[in-house]
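Biologist: I am new to this protein and should like to be guided through its model. May I put a series of questions to you?

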Amino acid sequence: MLKPIHRVTCSPALAACQLLMQRFALWLCEPGTTAANLTQAGLQPPAMPTAIEADWLWGFLQRKVGGQLLLNRAQVLVAMSAVQKGAVAAWVQSVSALAAQFHATPPPWPVTAPQAGPLNWGAFRTLMEAFYGTGFRTGLPYLADGTPVAAGGVTYASFVDAFRIAHRLNPDPHARQVCVLCGGPLGDTPHVDHWIIKSAFPLLSMCAHNLTLICGTCNEAPNKGDKPVHSAGSFADWFHPYWRPGNGAVQPGYDLHAAAVHCSAVAPVDQPKAANLDVLLNLASRWTREFKAEYAKHQDVLRRNESRRVRAAQARHTLQELGAYVQQWTGGLSPSEPHHEVHATLGQAMIEPARMQAWFAELATVQ
Ligand SMILES: [Zn+2]
């Protein structure tokens, strides 16, 4: 959230897949859909939008997850009672209208699973999550622009590449990449994150507005993990990667008395959102660790320089030299490098006269 988050070139393919999932889920929940309709012929238009999508879906249903065909999960769903089908269909409609949660007067958000029984819900969840876990890995039936295609469609790997390219802050391919949420290094093994967790909202497993590439530290517990990104169904006090971005609205701030970095809002109106983002990602404690580590690094550099001077019988650092060191270091900070905001915060804290004086006094004790 610290960095801008963009839609990527293949976002339309993900949006098309999301629409297919929605249409398929609602078709399964139609009172007239039975196991007899669950055939390759039965999926053809008008059941599904195009023959390409119908054929892809049939191939998808032949895959196994947890030792069982996905087709078996679809058969479970068409066999639900009319009441259960109605409950699932209403839930699908509500979740599909996710964007409305970021309007001024949002409709109710379904915080719980539909009343369809645990076995039916389990089948629905497995089927919908498989679009991400299986379908996306092997290839969607869409080109990047969302046009249906029988082969060579967008894959998980092509999405990861497109996201990396769209969020490269330094165009040099060898430059370090930055996590859009925390501003730290994206690392060698970034994770595709579902902003709203897919285990609770499997219909959003392929939603283009629900997927980002973030660092493993942000994604894993005790940070984001499986935590909700709403407060009991209200998104009002929450940022959203695409619809209510935190970039430019949150920043690290240094609290001298607490000797800690906090996650603060630029505008007071965003303070609850900044606080929720901090709880979600533990930004304050992670940023404080980085702040202290960077401070320790510079302290070490200066101590070793001072020690070299003492051994060589040269004059010790002056306060002016210390100031010049901090100026040069902060002047060289690059916005495209990991932890730029935290390091800039450290630079500001160090340049304070009292802090500089304390550092200078400490340096004078080096032998
Ligand atoms: Zn991160």
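The exchange below goes from the overall form to single residues.

Biologist: What kind of model is this, and how many helices and strands make up its secondary structure?
Modeller: This is a predicted model. Its secondary structure comes to twelve helices and six strands.

Biologist: What radius of gyration does the protein have, beside that of a compact globule of 367 residues?
Modeller: Along its principal axes, the C-alpha trace spans about 90 × 40 × 35 Å. A compact globule of 367 residues would have a radius of gyration near 21 Å, but that of the protein is 26 Å.

Biologist: What share of the contacts with a separation of 6 or more joins residues 24 or more positions apart?
Modeller: As to burial, 36% of the 367 residues count as buried. As to contacts with a separation of 6 or more, the share between residues 24 or more positions apart is 68%.

Biologist: Which domains are assigned, and what distance separates their centres?
Modeller: The domain assignment gives domain 1 (11–146) and domain 2 (286–363). Taken over C-alpha atoms, the centres of domain 1 and domain 2 are separated by 56 Å.

Biologist: Which helix gives the most residues to the largest nonpolar core?
Modeller: The largest nonpolar core has 87 residues, of which Cys17, Met21, Cys179, Leu181 and Leu277 touch the most other members. With ten residues, the helix that gives the most to this core is α1 (residues 11–28).

Biologist: Why is the largest nonpolar core said to lie between two domains, and which are they?
Modeller: In soluble globular proteins, nonpolar side chains tend to be buried together. The largest nonpolar core here has 87 residues. Residues of this core come from both assigned domains, so it lies between domain 1 (11–146) and domain 2 (286–363).

Biologist: Which residues does Cys17 touch, leaving out those up to four places away in sequence?
Modeller: Cys17 is among the core residues that touch the most other members. Not counting residues up to four places away in sequence, Cys17 touches Phe131, Leu140, Tyr142 and Met206.

Biologist: What span should α4 have, and how far apart are its end C-alpha atoms?
Modeller: Helix α4 has 15 residues, and at 1.5 Å a residue they should span 21 Å. The end C-alpha atoms of α4 agree with this, for they are 21 Å apart.

Biologist: Why are the buried residues of α4 placed on the same side, and what arc do they cover?
Modeller: An α-helix has 3.6 residues a turn, so residues three or four places apart point the same way. In α4, the buried residues are Lys85, Ala87, Val88, Trp91, Val92 and Val95. They are on the same side of α4 because the arc they cover around the axis is only 160°.

Biologist: Which helices do the buried residues of α4 pack against?
Modeller: On the other side of α4, Ala82 and Val83 are exposed. The buried residues of α4, by contrast, pack against α1 and α5.

Biologist: Is Phe201 buried or exposed?
Modeller: Phe201 has its place in the loop between β3 (191–194) and β4 (211–214). Leaving aside neighbours within four places in sequence, Phe201 is in contact with Val95 and Ile196. Since 21 other C-beta atoms lie within 10 Å, and 20 or more are required, Phe201 is buried.

Biologist: How far apart in space are Pro106 and Phe235?
Modeller: Pro106 is in the loop between α4 (82–96) and α5 (118–138), and with 16 C-beta neighbours inside 10 Å it counts as partly exposed. Among the residues that Pro106 touches is Phe235. The two are 129 residues apart in sequence, yet from C-alpha to C-alpha the distance in space is 8.8 Å.

Biologist: Which residues are joined by cis peptide bonds?
Modeller: One cis peptide bond, with omega about 15°, joins Pro45 and Pro46, and Pro46 is in the loop between α1 and α2 (51–61). Another, with omega about 10°, joins Ala221 and Pro222.

Biologist: What phi does Ala313 have, and where is this residue found?
Modeller: Ala313 is found in the loop between α9 (283–311) and α10 (319–331). This residue is exposed, because 6 other C-beta atoms lie within 10 Å. Although Ala313 is not a glycine, its phi is positive, at about 55°.

How values were computed
Residues numbered from 1 in each chain as written. Predicted model: local features only at pLDDT ≥ 70, side-chain atom pairs only at ≥ 80, totals over all residues. Helix = DSSP H or I, 4+ residues; strand = E, 2+ residues; numbered from the N terminus. Rg over C-alpha atoms; globule rule 2.2 N^0.38 Å. Buried ≥ 20, exposed ≤ 12 C-beta atoms within 10 Å, placed from the backbone. Contact = placed C-beta atoms within 7 Å. Core = buried A, V, L, I, M, F, W, Y, C linked by C-beta atoms within 7 Å. Domains from an automatic or database assignment. Expected span 1.5 Å × (residues − 1). Arc of directions from axis to C-beta.
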